[in-house]
Amino acid sequence: MEKILVTGALGQIGSELIPALRKKFGNENVIAVGHRKEPSEEFKNAGPFERADTRNKDELKALIEKYNIDTIYHLVGVLSAVGEKNPDLAWDVNMNGLKNILELAVEYKIKRLFWPSSIAAFGPTTPLENTPQKTILEPTTMYGVTKVAGELLCQYYFVKYGLDVRSLRYPGIISWKTPPGGGTTDYAVAIYYEGLEKGHYDCFVRGNTVLPMMYMDDAVKATMQLMEAEPEKITIRTAYNLTAVSFSAKELADNVAEHIEGFTCTFIPDERQKIADSWPSTIDDSKAREDWGWNHQFGLDEISADMVKNLKNNK
Ligand code: AKB
């Protein structure tokens, strides 16, 4: 059975990918690695939980040896909005953590490695409608800079060392298990949290801001599908474009109002607007669809229905 290590275990993606991996590979075979956050009792009891700072290679090395790891999902990352407040931290965590993981993956002959890229790899000079797979990558955030550098580093390790490293350019991910955590696309998560709590949301981007989005269930499905694909199907070793649905912040607010009675929203753009404006509105992810059969399931209305149902149940 595969032995899987997942860093960033308590982050937005880790919190949901880990239960899905545990369901498939068995609780004991998926080692969740967090850093500072405290896991819930439920999470802690579900399977192995360890702490490590991914910038510390020795800590990672000890875990790889302890559990005889052969697959890694390296999810740790400082997101775009927090990264603009502390660019040095974003570089340190995002780049040095990834470099450590890549070096250890070669040293310990790791079979497969996943690392998340993002639409943040694009920038204002990228064609922002139906953004192609191969295009201009000139991001203007430190987070985006680390995503472009990270993609190239992953591809370098594939070419130079034959490391089977795979990546996705995630769009904004909407989910209910973890509260919004420092991203620019977080308005599409916070709107549900605050909508249910206060009946109102002050959205930090303009109503006409359109970004590509995806529900967490689809993001988990895409990640597992990519990692299960036969190596010869993987023709992109930087990161695959990936998308589900694009909608404006106003369309999102109107849809939330259909699911939360009396909900209202105002649009008060802040410094995150500039970041949102530099990212694509729609993405061409045909390569992912052709190469390993990517297909999304959740549209905006299904996302809203599921978000509201789950947030109500988990109050
Ligand atoms: C962010 O907004 O920073 C992230 C991302 C798109 O990578 N959600």
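A polar contact is taken here as a pair of N or O atoms within 3.5 Å. With that cut-off in hand, the ligand site of this predicted model can be read from the side chains outward.

Tyrosine 143 offers a good starting point: a polar atom of its side chain lies 2.7 Å from an oxygen atom of the ligand. Serine 118 also reaches a ligand oxygen, with an N or O atom of the serine side chain at 2.7 Å. On the nitrogen side of the chemistry, threonine 185 places a side-chain N or O atom 2.9 Å from a nitrogen atom of the ligand. Taken on its own, the ligand has 260 Å² of accessible area, and the protein covers 94% of this.

The surroundings of the ligand comprise Leu79, Ser80, Ser118, Ile119, Tyr143, Gly183, Thr184, Thr185 and Trp279. By residue class, this shell contains 4 nonpolar and 5 polar members, with no charged residue. The space that the ligand takes up is the largest pocket.

It helps to step back and view the site in the setting of the whole protein. The domain assignment gives domain 1 (4–172 + 214–241) and domain 2 (173–212 + 245–313). The centres of these two domains, taken over C-alpha atoms, are separated by 22 Å. To the contact between them, domain 1 brings 47 residues and domain 2 brings 39 residues.

Where does the ligand lie with respect to domain 1 and domain 2? Both domains give residues to the shell around the ligand, so the ligand lies between them.

Conventions. Residues numbered from 1 in each chain as written. Predicted model: local features only at pLDDT ≥ 70, side-chain atom pairs only at ≥ 80, totals over all residues. Heavy atoms only, no water. Near = heavy atom within 4 Å. Polar contact = N/O pair within 3.5 Å; in protein donor to acceptor, adjacent residues only side chain to side chain. Areas by Shrake-Rupley, 256 points an atom, 1.4 Å probe, with all protein chains shown as cover. 1 Å grid on protein atoms, 1.4 Å probe; cavity = no way out; pocket = protein on both sides within 12 Å on 5 of 7 lines; lining within 4 Å. Sits in = over half its atoms within 2 Å of the grid points. Nonpolar A, V, L, I, M, F, W, Y, C, P; charged D, E, K, R; others polar. Domains from an automatic or database assignment. Contact = heavy atoms within 4.5 Å.
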